[in-house]
Amino acid sequence: MRKYTLTLIAGTIETKEALTKQLNHLMGEFLHIHSFAVDEGLPNQLNDETILLSSNHVLQEVKEMLSTHSNVIVANRTVNHEQLDKLLELEKGKKVLVVNDFKETALELIDTLLEIGLLHLQYVPYDSNKRYYNDIDIAITPGETTIIPKYIPHKIDIGVRLLDVSTILKLVDHYALTHMSTVVSQRYIQSFIHLNQKLLHAEKQAERLRLHLENVVDAVDEGVLALNEGREVTVYNAFAAKVFGIPQQEAIGKSIDELKVQKDVATFIQQRQGEDGLFTINGIDVVVHRLELSQEKAIVVTIKNVNQAIEIEKKVKKEQLKSGLVAKYHFTHIIGSHPTIKETKKIGEKLAKSELPVLIQGETGTGKELFAHAIHHSSFRHTGPFLAVNCSAITETLLESELFGYEEGAFTGAQRGGKRGLFELADGGTIFLDEIGDISPNLQARLLRVLQEKEVRRIGGEKLIPINVRVVAATNKNLQAKIVKGEFRSDLYYRLNVLSLQLPSLVERKADIPLLVEHFINQSNQTVDIEHTVMDMLIQHKWEGNIRELKNTIDYMLTVCNGERLTLQDIPKNWSSFTHSTAEDSVFHVKQSSLTLMERKEYELILRIIKRCNENSQAASRRIISQEMKHTDQVLTDQQIRHRLNALESHSFITKGRGRSGTKITLQGIGFLQSLEEKR
Ligand SMILES: Nc1ncnc2c1ncn2[C@@H]1O[C@H](COP(=O)(O)OP(=O)(O)OP(=O)(O)O)[C@@H](O)[C@H]1O
């Protein structure tokens with residue numbers, strides 16, 4: 001094929017090289033190109049008939065040289081499409097400085113970029129007369145990197161502008177290569193296709209990402225709304241659309257005012273910082289939470305249905321319950337068939353259904369805590385937390401911070417972020433204040449305020465936090481006696497004692513002892529029998545420590561027994577401390593100190609004989625005791641033995657029975673025997 005010739009004159013070497021490359025690519029097989037750059041200097045004579053100038057500026061510079069040439073073409077140029085993907089990566093709305101050799105050429109470039117659809121950027125033409133562009137950190141240039149101001153940190157070189165299609169077609173026409181025009185234009189178009197593909201891909205990716213994000217926010221079970229720096233809605237999910245009653249497609253891109261969101265909500269969203277606001281939007285009670293993203297200067301708003309928020313709270317509480325804030329016992333766990341306890345349980349169940357405070361009174365170990373658990377369980381608050389605190393077990397300061405919580409920095413050692421008190425934690429549930437009789441006057445005053453106002457103020461805090469807690473208190477102290485002595489506030493007493501529950505002592509319901517013994521044995525998972533004598537002794541015991549004492553005794557006996565049967569041998573060795581018969585209230589103890597050594601020996605011997613007989617299922621009659629004593633150095637007349645036995649019986653150390661059962665030693669008797677043996 002015949003080759004035509006062409007002289008190309010560009011301004012710079014870069015332009016020369018880029019345009020030569022382009023021409024060779026498009027028409028290289030039929031065009032021989034001689035190319036020059038003004039910057040390099042031009043030859044004295046141009047031999048080719050056809051001259052292509054890269055721009056009007058070049059024309060001005062070489063005009064004189066061309067006076068003899070009739071075929072001069074001034075090129076139209078356009079951006080290099082292959083390089084434009086660098087611009088696609090920039091975020092929407094980004095401000096960029098467009099730098100070219102002149103302001104006019106920069107404007108031309110901007111026009112071209114807009115024409116080819118790169119509409120997502122804000123283009124600012126570079127003007128060399130302007131000193132400083134303070135809000136721009138990125139510059140784009142078609143190969144003119146050296147002109148870009150030094151203070152702009154990011155530079156994108158989109159490469160030298162190339163010949164546009166009109167110039168190429170002019171050349172085709174000029175050389176009468178019309179038969180080749182299709183090939184040339186196809187080659188030219190290829191570069192577009194490539195860019196288009198990139199554009200399409202980027203668009204698809206962006207669309208996919210947008211759809212993905214849209215699905216994610218739509219799947220969120222609460223309303224999500226975001227406003228950009230210009231306070232236009234950028235995110236608005238399906239839930240938000242439902243609450244506001246404004247479709248998604250209508251909301252995006254609008255301002256809150258344009259959306260006509262109700263005034264109080266709009267003001268809250270646009271003005272308040274943090275925190276939650278409670279609103280009724282279109283009849284739905286919602287909690288609106290507002291968060292400002294400082295870096296993006298955007299606002300994110302979440303909208304939660306109040307009921308849903310409550311459910312979440314409940315779930316949290318359930319988790320708390322799992323972690324120990326749980327009432328363990330029901331009324332069915334309270335063992336007893338004696339009318340007194342049955343009646344007490346019945347009253348307890350009725351009190352449970354009320355919302356009023358309950359005061360449980362009873363001796364130590366009668367099951368006050370058990371009743372408190374059961375009351376919570378049978379109350380309407382049973383799904384809420386149950387928190388028990390023993391007011392006598394911790395120091396006043398600790399108890400105060402446990403109950404009411406504290407703010408960060410309230411005192412040295414206060415936890416960062418402060419701490420919620422038990423009253424806050426028990427919200428929706430019950431707080432059990434055990435040993436209430438032992439709290440200090442200061443705490444009595446604070447507690448009274450909480451009960452009156454139904455609000456707590458954390459230590460070191462200003463805010464009053466509303467609480468919804470039922471108080472169940474318990475004491476084994478005589479609170480009325482304490483009021484008389486000025487140790488307990490009467491106003492607090494009446495606040496706590498709205499509903500009163502008095503628990504019976506164990507001696508009032510001795511008939512329940514076998515049931516309880518069996519219950520404690522079953523609880524231990526051991527299958528053991530219990531000697532009748534032992535059971536009798538347990539029934540006769542004074543049980544000043546009530547059920548706790550009984551439980552401790554059984555637990556001890558189960559540990560030391562032979563695994564089959566609880567016998568007299570298994571009675572605790574330190575029984576005296578289990579008996580709770582103090583020296584003061586036992587005449588015998590007073591007497592014991594005044595007993596002669598001889599008398600102590602006699603009592604010891606008599607009790608030991610009775611105990612041995614009981615263990616061997618032998619009736620311990622006066623006659624047997626007398627016979628046995630004859631083998632010792634303690635010889636007593638029948639009269640003396642009778643006298644001693646009467647004394648022992650009068651202090652419940654033995655029970656006298658006629659016939660085969662004979663005389664039996666009691667638990668107190670065993671305790672007394674042990675104390676005599678110890679003092680020997
Ligand atoms: N009726 C009952 N049935 C079964 N166990 C019981 C019964 N009453 C009390 N108990 C058990 O006795 C022990 C003491 O009970 P609880 O702690 O409830 O007594 P309390 O009156 O609160 O004692 P305190 O006044 O000393 O705090 C616990 O182990 C409890 O499980």
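Helices here are DSSP runs of H or I with at least four residues, strands are runs of E with at least two, and both are numbered from the N terminus. The model is predicted.

**Exercise A. Overall content and confidence**

Determine how many helices and strands the protein contains, and where confidence is lowest and highest.

*Solution.* Begin with the count: the protein has 27 helices and 28 strands. Next, consider burial: 29% of its 680 residues count as buried. Among contacts with a separation of 6 or more, 64% link residues 24 or more positions apart. Then turn to confidence. The average pLDDT is 83, and 88% of the residues score at least 70. Strand E23 (residues 470–475) has the highest confidence, at 96, whereas helix H23 (residues 587–594) has the lowest, with a mean of 45. Over residues 576–593 the pLDDT stays under 50, and the model has 22 contacts beyond four places in sequence for this stretch. For the complex, the predictor gives an ipTM of 0.93 and a pTM of 0.48.

**Exercise B. Strand order in a parallel sheet**

State the order of the four strands in the open sheet that contains E6, and identify its edge strands.

*Solution.* The order is E7-E6-E8-E9, with parallel pairing. Strand E7 (122–125) and strand E9 (154–157) pair on one side only and are therefore the edge strands. From one strand to the next, the twist averages 30°. Now examine one pairing within the sheet: strand E6 (residues 95–98) and strand E8 (residues 138–141) run parallel and are joined by two bridges. Val 98 is located opposite Ile 140 in E8. Finally, add the helix: H4 (residues 103–115) lies across E6 and E7, and its direction makes an angle of about 160° with E7.

**Exercise C. Handedness of a crossover**

Establish which helix the chain passes through between E3 and E4, and whether the crossover is right-handed or left-handed.

*Solution.* Start with the pairings of E3. Strand E1 (residues 4–10) pairs with strand E3 (residues 50–53) in the parallel sense over three bridges, and the bridge partner of Ile 9 in E3 is Leu 53. E3 also runs parallel to strand E4 (residues 71–74), to which four bridges join it; Thr 50 has Asn 71 as its bridge partner in E4. Between E3 and E4 the chain passes through helix H2 (residues 56–62), and this β-α-β crossover is right-handed.

**Exercise D. Nonpolar cores**

Identify which residues of the largest nonpolar core touch the most other members, and which helix supplies its largest share.

*Solution.* This core has 44 residues, and Ile 360, Phe 423 and Ile 431 touch the most other members. Helix H13 (residues 368–378) supplies the largest share, five residues. Next, follow one member outward: beyond its neighbours within four places in sequence, Ile 431 is in contact with Leu 387, Leu 422, Phe 423, Ala 426, Val 469 and Val 471. Another core, of 30 residues, lies apart from the largest; Val 534, Met 537, Tyr 603 and Phe 653 are among its members.

**Exercise E. The surroundings of helix H14**

Determine which residues of helix H14 (residues 396–404) are buried and what covers them.

*Solution.* The criterion for burial is 20 or more other C-beta atoms within 10 Å of a residue's own. In H14, Leu 399, Glu 400, Ser 401, Leu 403 and Phe 404 are buried. The elements that cover these residues include strands E17 (386–390), E18 (405–406) and E21 (455–457), together with helices H15 (422–425) and H16 (441–453). To finish, inspect the backbone: Gly 405, just after H14, has a positive phi of about 75°.

Definitions and conventions. Residues numbered from 1 in each chain as written. Predicted model: local features only at pLDDT ≥ 70, side-chain atom pairs only at ≥ 80, totals over all residues. Axes fitted to C-alpha atoms, helices over the stretch in contact; angles between N-to-C directions. Contact = placed C-beta atoms within 7 Å. Right-handed = clockwise from strand over helix to strand, strands pointing away. Core = buried A, V, L, I, M, F, W, Y, C linked by C-beta atoms within 7 Å. Buried ≥ 20, exposed ≤ 12 C-beta atoms within 10 Å, placed from the backbone. pLDDT = per-residue confidence, 0-100.
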